[in-house]
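Open the model in your viewer and set it to cartoon with side chains on demand. This tour goes stop by stop.

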Amino acid sequence: MNTSRVDPVRNEYLYSVLNVPTTASANEIRERYRALSVIFHPDKQRAEQTKDTAAAEFLEIQKAYEVLSDPFLREVYDFLGEDALKNPWPTELRSQSVEQIRAHLRRWKIDRSQEVFDHLIRPRGTVTCGINASTLFARGDDLDYDSRGILARCRGVWVSQFAIRHSVTKVLNEKTNLKFTSHLGLGPRNDLLNRHDLMGTIRHQFSPRFAFEATAHFLDPHLVVAKASYEDNDNTLNCRVHFIPTFWNLLPPASTVSFSRRLFRHASTVGSVAWTFSPLSMGSFEFDIHSPQPFDFSSPENYVHYNRMNADFTNKPGSVSGFGVGLRAWSCGFQLSGLNSCIKTEWSIWFFELSLRFKAGLEIGFRQLAYLVTATWTNSNTAISTSFGVSTKGLIMRLELEYLHQKWILPITLSTVRNQTLEFFSAVLPSTVLLLGYHFVLKPRRQLQRTLYFRKAERLLKEENSQLKRQIDDTVGLLSETAKRHMQTERSRGGLVILSATYGPEADVKNLTIDVTVPVQALVHNSQVHIPGHRTKAGIQGFYDPAPASPKSLRVRYLFRDRYHYAEIPDYIPVVLPLPDHLVN
């Protein structure tokens, strides 16, 4: 195994403790450990003054042997060094081949180096490239005769805007950080993207609730932005002030004050208001209500587990379709700002298992009617988003790609006027691509994750839970006499007799289903069984959890008054037997 080590870290201290080469075999390491143990074992020392030194040396020798005699820990030490031994590595990694372990360690090393670099300066970058492709889809009547050909239409495509924005953040201490941002823009003169700028921001967290932030623009017109925020469990208050120091006496600063509050104690609905004052234009007033609602249909009982929200579903079975767990939200409000006044509403849904988010927004105002549809897919390092916006100004498609906090934005103007045919295909084609992607990519990947999860649970059930299974078998043996006595009593009077009872995940996962007939029969009292809900049944004597993090059910076939009954009760739902609804016709 050790004759060809790949990408070793230059950390051979543990090898030097045992005085063996890095290519030493397991037998060589074992023999060297035994030889050194005989010399440095504290019990072998006769002089009192050498016992402490021998004990310290023996601990070093024992530590080196524990690492180098374990094939997996030795690979970790050789690849990543001694600090990596403290990392909680997945248990299933030990059963993989050497090549698979090394590949995992390489990926971990790359991810770790990225995390360290990101924590050091937090680099963030955004590149925006706007393209005007309206000539490709313009009607023939809207173009000159010479511009109607394919080549002429392609030559009419041009870059309407281009901007680069980059920032780095340095954490000075636990409460203060410093941020520098540079911005370069090329575009129309009246476009904000055309402004070149260099900014510095300092933010200080005075307390867990109060923070202050100041931003200075180092290029003309030397704008200064100050922001103070206060936040507690139910309320958020923000105050923002924009001003130019040289014009302080001429123009009062532009100010924005916003306040949001949780409206109900047992709901997440939030109401917010914002007022903006500007000396150069009409101010504005905004009001908005936002209500997020988590859901969890992956459990048969449709019981919302809030600790599953935003969880890592790669190590959980989840639902078959991938649409089982998520968050839906809606918001509505209005803005009062002269001719720019409008009413706006938005609805979104986020499927956590698929890492998919859909959002649709509608805005009705004096000047225009606009709507926007967005679809986003994210994972730990990557985000892909596409959106289509339609207004009186035309149709714009926006593509976004983000990787390791570096974002590329591509807004494409498809039309500068309303074009119903183009709007129809702009909605149909992305929807079709999304459906095909779900059917051929996302859904098979979700099913593969579920299959791997249940296979892992079966393996752990066989390997690591052998002692637990023996304990459960002993418990069932202790309950068997009570269950037998209850069954005889119930049969004699035509009462409640448990024919069979199983506990586990879905019915098609038979290897993870355990037999709990005896424990359930032992619970029968006066022809009734009652198990309280809102908690797992794995703690009942004779039960255990065969598949952690997976929704489970109790399935019971029983006789009552010599008639067959069947019940399937989800884990967190109370159990009451018998019930008329359980009668099998």
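Start with helix 3 of this predicted model. Select Ala54, Phe58, Ile61, Ala64, Tyr65, Val67 and Leu68: these helix 3 residues are buried. An α-helix has 3.6 residues a turn, so residues three or four places apart point the same way. Now show what covers the buried residues of helix 3: the cover includes helix 1 (13-18), helix 2 (26-40) and helix 4 (71-80). Check the length of helix 3 too. Its 18 residues (51-68) should span 26 Å at 1.5 Å a residue, and the end C-alpha atoms are 25 Å apart, which agrees.

Next, the aromatic rings. The model has 16 aromatic pairs. Select Phe72 and Trp89, an edge-to-face pair with 6.4 Å centre to centre and 85° between the planes. Phe72 sits in helix 4 and Trp89 in the loop between helix 4 and helix 5 (98-121), so the pair ties together parts 17 residues apart in sequence. Both Phe72 and Trp89 are buried.

Move to Trp350 and Phe352. This pair is also edge-to-face, at 5.2 Å centre to centre and 70° between the planes. Trp350 is partly exposed, at 28% relative accessibility. Phe352 is buried, at 9%. Then pick Phe295, Phe323, Phe351, Phe358 and Tyr438, which form one aromatic cluster.

Finish at the open sheet of 4 strands, in the order 19-18-21-22, with antiparallel pairing. Strand 19 (514-515) and strand 22 (563-570) are the edges; each has a single partner strand, so one side of each lacks a neighbour in the sheet. Select strand 21 (residues 553-560): 8 bridges join it to strand 22, antiparallel. Ser553 stands opposite Pro570 in strand 22.

Terms used:
Residues are numbered from 1 along each chain as its sequence is written. This is a predicted model: local features need pLDDT of at least 70, side-chain atom pairs count only at pLDDT 80 or more; totals for chains, interfaces and linings use all residues. Side-chain values use heavy atoms; hydrogens and water are left out. Two strands pair if DSSP finds at least two bridges between them. Helices (H or I, at least four residues) and strands (E, at least two) are DSSP runs, numbered from the N terminus. The expected span of a helix is 1.5 Å times one less than its number of residues. Buried means under 20% relative accessible area, exposed over 50%, partly exposed in between (1.4 Å probe, protein chains only). Contact means heavy atoms within 4.5 Å. Rings of Phe, Tyr and Trp (its six-membered ring) pair if their centres lie within 6.5 Å; planes under 30 degrees apart count as stacked, over 60 as edge-to-face and the rest as tilted.
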